[in-house]
Structure formats: C-alpha cells, structure tokens
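Biologist: Please put the structure up. I have some short questions about the fold, and I would like the reasoning with each reply.

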Amino acid sequence: MTKGKVANQSQGTMLLEEKMKITVSEIEDEGLRVSFNEPIEGNSLARPMGDVKAEFFLTRKASELNISGSISGRVCLQCSRCLIEFQRDLELSVDLTYLPIEEMSTEEIHEIGRDESEIGYYKDDEIDITDVVKEQLLLNLPMKPLCSDECKGLCPVCGTDLNLQSCNCKKDEIDPRLSILKKLLSSRKEN
Ligand SMILES: [Zn+2]
Ligand SMILES: [Zn+2]
C-alpha cells in the first residue's frame, strides 16, 4: 500500500476530506483508499499530540467491511512507575472487520468465534473513520506505559522520584501488600 498521498483522487475521496464518514454500501469492488490526518480527542490514559495520521484501505464483501492499513501519531502518556508524563510515537498496523450491527442479535454477537478485538460494528450503513482511528489508537496503548525501561519509579515509602534523587528509606519498608507477598514467597521457599 502506498504511503502518504491519497491514491484515489476520485470524487469520493474529495468528499471524505470534509466528512470522514463513509457509506459502506457505496464502497466499490476495487476498494477505497482513505487518508486521515487530523487531531484526535484523547481520554484519561492518553492525549494524542498534534495530528494523527492513518492510511486505510477499505474493502467490502456484501455487508462485511474490512479495513486494513496503518495509524501513526504521537501521544502523551503517564509513566506507570514514576507518574511523569512523556511523549511516545505510536505506529500500528490494523486489519479490522466490521459488521452491520442491525443484522445481528445480541447472542450472535457473543457467538462470533473470531478474536473479538478485531471485530467492530457499524450502524446505519455508515462507518466513521475518525472513530476507527480513535478507537484503535486508544485500544493499542501500552498497558503499563514506562517513560524508560530503566525507570526506577517512586519510593513506596516517601514518594521520592528515584530517577531524580535517592532517599534514605529502609529497603524492607515496602508496601504492606508487597510484604504479604514477600512472606508468602519466603514461606514457600522453606517448604
Ligand atoms: Zn517513569
Ligand atoms: Zn523513600
């Protein structure tokens, strides 16, 4: 798939620039190439910085829509160890299937055997590319973001950022929840 510019300069593509909603039944057999380059709203876990880019190729078999391509953007995340905010460039490739929600009963949706994260639903014959980009970007965030692999985190006793300075807290004085775990582990060793 070509990177960068919109490959399909047909009328359809022009319309997409104004409105990133696509009528699924109008996707032709040869597929539809879509370029997205816009800011995306974040959530409490991540704030995208600047524009998020996506290059998608949409194909349709009857009412089953497939979206493949890539998404890239810079997001602001919070380190799960030291809690500072840092920026990270994310780049992901997607291969998604969308089905019309109207044609399914709730049971059927649960019965679908495929990996559920790869299946989405569209409504009223319309797919909103902005929603797809946002959903995928936020779904693919690291579970435990780290500002660096070597991040030392915060001291569990005094809260000092151990990346910036050290503290004099005793090493044994760890989080009570952790000390239970430690006891369990040491009793295991004795057995
Ligand atoms: Zn950190
Ligand atoms: Zn400390």
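Biologist: Where in the chain is the place of E118?

Modeller: Keep in mind that this is a predicted model. Helix α2 covers 106–111 and strand β6 covers 119–122. E118 sits between these two elements, in the loop between α2 and β6.

Biologist: Is E118 buried or exposed?

Modeller: A residue with 12 or fewer other C-beta atoms within 10 Å counts as exposed. E118 has 11 such atoms within 10 Å, so E118 is exposed.

Biologist: Which residues does E118 touch, not counting residues up to four places away in sequence?

Modeller: Start with D95, which is 23 residues from E118 in sequence. Their C-alpha atoms are 7.2 Å apart in space. With residues up to four places away set aside, the residues that E118 touches are L96 and T97.

Biologist: Step back to the whole chain. What pattern does the chain follow along the sequence?

Modeller: The secondary structure comes to four helices and seven strands. Read along the sequence, they follow the pattern α-β-β-β-β-β-α-β-β-α-α.

Biologist: What is the order of the strands in the open sheet?

Modeller: The open sheet has five strands, and its pairing is mixed. β2 and β6 stand at the edges with a single partner strand each, so one side of each has no neighbour in the sheet. The twist averages 25 degrees from one strand to the next. The order is β2-β3-β4-β5-β6.

Biologist: How many bridges join β2 and β3?

Modeller: Strand β2 spans residues 32–39 and strand β3 spans residues 46–61. They form a hairpin with six residues between them. The two strands pair in the antiparallel sense, and the number of bridges is eight.

Biologist: Which residue in β3 is the bridge partner of E38?

Modeller: Take N37 as a reference: it stands opposite K53 in β3. For E38, the bridge partner in β3 is V52.

Biologist: Which residues touch the most other members of the largest nonpolar core?

Modeller: This core has 18 residues. β2, β3, β4 and α3 each supply at least two residues of it. One of the most connected members, L58, touches residues including I22, L32, V34 and I67, with those up to four places away in sequence not counted. The residues that touch the most other members are L58, I129 and V133.

Biologist: Why do the buried residues of α3 line one face of the helix?

Modeller: The buried residues of α3 are I129, V132, V133, Q136 and L137. In general, an α-helix has 3.6 residues a turn, so residues three or four places apart point the same way. Seen down the axis of α3, the buried residues line one face because they fall within an arc of 120 degrees.

Biologist: At about what angle does α3 run to β3?

Modeller: The buried residues of α3 pack against β1, β2, β3, β4, β5 and β7. The helix itself lies across β2, β3, β4 and β5. Its angle to β3 is about 115 degrees.

Biologist: What separates the C-alpha atoms of E26 and E126 in space?

Modeller: E26 lies in the loop between β1 and β2. E26 counts as exposed because it has 11 C-beta neighbours inside 10 Å. E26 and E126 are 100 residues apart along the chain, and their C-alpha atoms are separated by 9.7 Å.

Biologist: Where is A62, which has a positive phi although it is a residue other than glycine?

Modeller: Phi of A62 is near 55 degrees. A62 is exposed, because 7 other C-beta atoms lie within 10 Å. Its place is the loop between β3 and β4.

Biologist: Phi of D124 is a positive value too. Near what value is the phi of D124?

Modeller: D124 is found in the loop between β6 and β7. D124 is exposed, because 11 other C-beta atoms lie within 10 Å. D124 is a residue other than glycine, and its phi is near 55 degrees.

Biologist: What share of the residues of the chain count as buried?

Modeller: Consider the contacts with a separation of 6 or more: residues 24 or more positions apart account for 57% of them. The chain has 191 residues, and the share that count as buried is 15%.

Technical notes
Residues numbered from 1 in each chain as written. Chains lettered and ligands numbered in written order. Predicted model: local features only at pLDDT ≥ 70, side-chain atom pairs only at ≥ 80, totals over all residues. Buried ≥ 20, exposed ≤ 12 C-beta atoms within 10 Å, placed from the backbone. Contact = placed C-beta atoms within 7 Å. Pairing = 2+ DSSP bridges. Core = buried A, V, L, I, M, F, W, Y, C linked by C-beta atoms within 7 Å. Arc of directions from axis to C-beta. Axes fitted to C-alpha atoms, helices over the stretch in contact; angles between N-to-C directions.
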